[in-house]
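This note offers a colleague's reading of one protein model. Please keep the sequence and the structure at hand while going through the numbered points.

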Amino acid sequence: SSTRLDFFVNQKPGNEPIPYYALEVEHLRRMHVIGVRSDMNEFFHIHPSETYEPGIFSGGYTFANPGKYKIWSEIKKDEVNYAFGHPPVVVQGIGTTENKQVSFARQFLVGNYQALLSLDEPVVKGHPHDLTFEIHTPDGRDVELDDYLAAKMHLTLIKDDWKQFIHTHPKGPGHSATLRVINVANANGGDKHSGAQMDDHAATPSNVHGIPFQVIFPEAGLYKAFAQFRPKNSTLLPDEALTAEFWIEVKDKAPSGISAWTGLLIVSLIAIGVLTWLVRRYLKVGS
């Protein structure tokens, strides 16, 4: 059954409700809500709407499995984007609550489509990295995409410990090519911090050459990428999309170009050369 999720949008201090009309439309909606289960196996993206109660936005979601979920809500006001990380929600029910499986495959089958991810690896924190997604039929033909919420694709990247949240789109109308750090506030009244980012880097989308993004990962660790798209002329409902999922490992720093074994060999050769020179010099002096 569907679970009702309510969100209170208010101005601090004083908890003054912010009316629906005071929020700006961003990608066709005044509020975006994204959630994921602790094992990163279940992802959702919904859009709560206004209610008769001031400042309260409400939306329904049917959780497919029990477990612990993290939820973020996003709004835009006065030309500033905000993301709010909410306390985890525990969903009761019958079934496995945790089944984390990490795979670095770069192909993902969803519905009758195949999604491919290409990226420059290794991925290192703090550096811009290009990610390109291609959508094909099982026999390899390119798939043309309709817009999903005013973009060819929505990309969400979440660190597996929930400490980093990135929601980004390909470059297009209404998007600048700059990285914007957006405020994150804990729903339980904690201090704001800059743990979530919205990255609007990317080249103009192309169905033939893929949908390109440029992302800067703020921390090392494991991230899961959720790429949402709508194949052209699909039977999906207007607010629905297909989701391709990929794991990405982010390194703390770029690995050395020389392996440990190669480095040891070079040091050994240098040491042998120095020792040979010293022996020859000693023999020469002795003679």
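1. Strand pairing comes up first: two strands pair if DSSP finds at least two bridges between them. Strands (E, at least two residues) and helices (H or I, at least four residues) are DSSP runs, numbered from the N terminus. In that sense, S1 and strand S7 (residues 56-61) pair over six bridges, antiparallel to one another.

2. The basis of the note should be stated early. This is a predicted model, in which local features need pLDDT of at least 70 and side-chain atom pairs count only at pLDDT 80 or more, while totals for chains, interfaces and linings use all residues. Residues are numbered from 1 along each chain as its sequence is written, and side-chain values use heavy atoms, with hydrogens and water left out.

3. As a whole, the protein contains one helix and 21 strands. Of its 287 residues, 41% are buried, where buried means under 20% relative accessible area, exposed over 50%, and partly exposed in between (1.4 Å probe, protein chains only). The protein exposes about 15,600 Å², of which carbon and sulfur atoms supply 55%; the areas come from the Shrake-Rupley method with a 1.4 Å probe. Taking contacts (heavy atoms within 4.5 Å) between residues at least 6 apart in sequence, 63% join residues at least 24 apart.

4. The pairing of S1 and S7 belongs to an open sheet of three strands, in the order S1-S7-S6, with antiparallel pairing. Its edge strands are S1 (3-8) and S6 (49-50), each of which pairs on one side only. Between S1 and S7, Thr3 has Tyr61 as its bridge partner, and Arg4 has Gly60. In S7, five of the six residues are buried, so the strand is mostly covered, given that buried means under 20% relative accessible area.

5. On the other side of the sheet order, S6 and S7 pair in the antiparallel sense over two bridges, and Glu50 stands opposite Phe57 in S7. The hairpin of S6 and S7 has five residues between the strands, and Gly55 there takes a positive phi near 80°.

6. Which residues line the second largest pocket? They are Phe43, Phe44, His45, Ile46, His47, Tyr61, Tyr148, Gln228, Asp239, Glu240, Ala241 and Thr243. A pocket here is an open set of points, on a 1 Å grid over the protein atoms alone, where a 1.4 Å probe fits, with protein on both sides within 12 Å along at least five of seven lines; lining residues have an atom within 4 Å of a point. The space in this pocket is about 240 Å³. Strand S5 (residues 43-46) gives the most to the lining, with four residues. By class, the lining has six nonpolar, four polar and two charged residues.

7. Two further residues deserve a look. Gln114, in strand S11 (residues 113-119), is buried, with a relative accessible area of 15%. Leaving aside residues up to four places away in sequence, Gln114 touches Gln107, Phe108, Leu109, Glu134, Ile135, His136 and Thr137. Phe84, in strand S9 (residues 80-91), is partly exposed, with a relative accessible area of 23%. The C-alpha atoms of Phe84 and Glu74 are separated by 6.4 Å, with the two residues 10 apart along the chain.

Conventions. Points joined across faces, edges and corners; volume = space filled by probe spheres on them. Nonpolar A, V, L, I, M, F, W, Y, C, P; charged D, E, K, R; others polar.
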